[in-house]
Amino acid sequence: MPIKYNLTKYDVLSSKVKKLSTKKNGDPFTKEDRMTVIKAILIASFASGHSWKTFKAATAPAAMVFNNPEIKKEYEDAATNKWKSISNFDIAEVSSANIPDSAFFEWLVFNVNKADHDEYKTSWWALKQGFDEDCDLESNGSD
């Protein structure tokens, strides 16, 4: 009898990120891969376990100050390495944090290179849409 287990949308995204994190530096990312990496960077940038100061600024209106070197450093760390180690728990935390779009846009302006803004905005909307959708999957263990 096959083993059954439930996969959540967070498990699926986390699994995709783990797979992409093992790609060699010379292997190019597809457009879809790039969007997944940016989603992972966003998760790592806003999850408390990876970027405490950013999480605090995004979730506490009184603390919302994204124009400081500590938050910039958290973003840079997320973009270089931390995105590779996000977990389904980090994804769940960010999805339930209800980060306002205004906080995201302020963070974006102060921390992300202007040339990358469109990709980050697209990934942010896709990530938020994914948070709002029901997407639990059932697997029979043979995948």
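A residue is taken as buried when its relative accessible area is under 20%. By this criterion Tyr-75 is buried in the predicted model, because its relative accessible area is 9%, which falls under 20%. Buried residues account for 36% of the 143 residues in the protein. The exposed surface of the protein comes to about 8,400 Å², of which carbon and sulfur atoms supply 53%.

The secondary structure consists of seven helices and two strands. Read from the N terminus, the order of elements is β-α-α-α-α-α-α-α-β. Among contacts with a separation of 6 or more, 73% are made by residues 24 or more positions apart.

Aromatic residues were examined next. The whole structure contains 10 aromatic pairs. In one of them, the ring centres of Tyr-75 and Trp-107 lie 5.5 Å apart with their planes at 85°; the pair is classed as edge-to-face because this angle is over 60 degrees. The pair connects distant parts of the chain, since Tyr-75 belongs to helix 4 (residues 69-80) and Trp-107 to helix 6 (residues 101-111), with their positions 32 residues apart in sequence numbering. Trp-107 is likewise buried, its relative accessibility being 0%.

Trp-107 also pairs with Tyr-120, at 6.4 Å centre to centre and with 45° between the planes, a tilted arrangement. This second pair again links distant parts of the chain, from helix 6 to helix 7 (residues 117-132), its two members being 13 residues apart. Tyr-120 has a relative accessible area of 2% and is therefore buried. Tyr-75, Trp-107 and Tyr-120 belong to one aromatic cluster, which also includes Phe-46, Phe-104, Phe-105, Trp-124 and Trp-125.

The largest nonpolar core comprises 35 residues, and those touching the most other members are Leu-42, Phe-46, Ile-99, Phe-104, Trp-107 and Tyr-120. At least two residues of this core come from each of helix 1 (9-21), helix 2 (31-46), helix 3 (52-59), helix 4, helix 5 (88-96), helix 6 and helix 7. Helix 2 makes the greatest contribution, with eight residues.

The surroundings of Ile-99 were considered separately. When residues up to four places away in sequence are left out, Ile-99 touches Phe-46, Ala-58, Thr-59, Val-94, Phe-104, Trp-124 and Lys-128. Among these neighbours, Phe-46, Phe-104 and Trp-124 are also members of the aromatic cluster.

How values were computed
Residues are numbered from 1 along each chain as its sequence is written. This is a predicted model: local features need pLDDT of at least 70, side-chain atom pairs count only at pLDDT 80 or more; totals for chains, interfaces and linings use all residues. Side-chain values use heavy atoms; hydrogens and water are left out. Rings of Phe, Tyr and Trp (its six-membered ring) pair if their centres lie within 6.5 Å; planes under 30 degrees apart count as stacked, over 60 as edge-to-face and the rest as tilted. Helices (H or I, at least four residues) and strands (E, at least two) are DSSP runs, numbered from the N terminus. Buried means under 20% relative accessible area, exposed over 50%, partly exposed in between (1.4 Å probe, protein chains only). A nonpolar core is a set of buried Ala, Val, Leu, Ile, Met, Phe, Trp, Tyr and Cys residues joined through side-chain atoms within 4.5 Å. Contact means heavy atoms within 4.5 Å. Accessible areas come from the Shrake-Rupley method with a 1.4 Å probe; for residues, only the protein chains shown count as cover.
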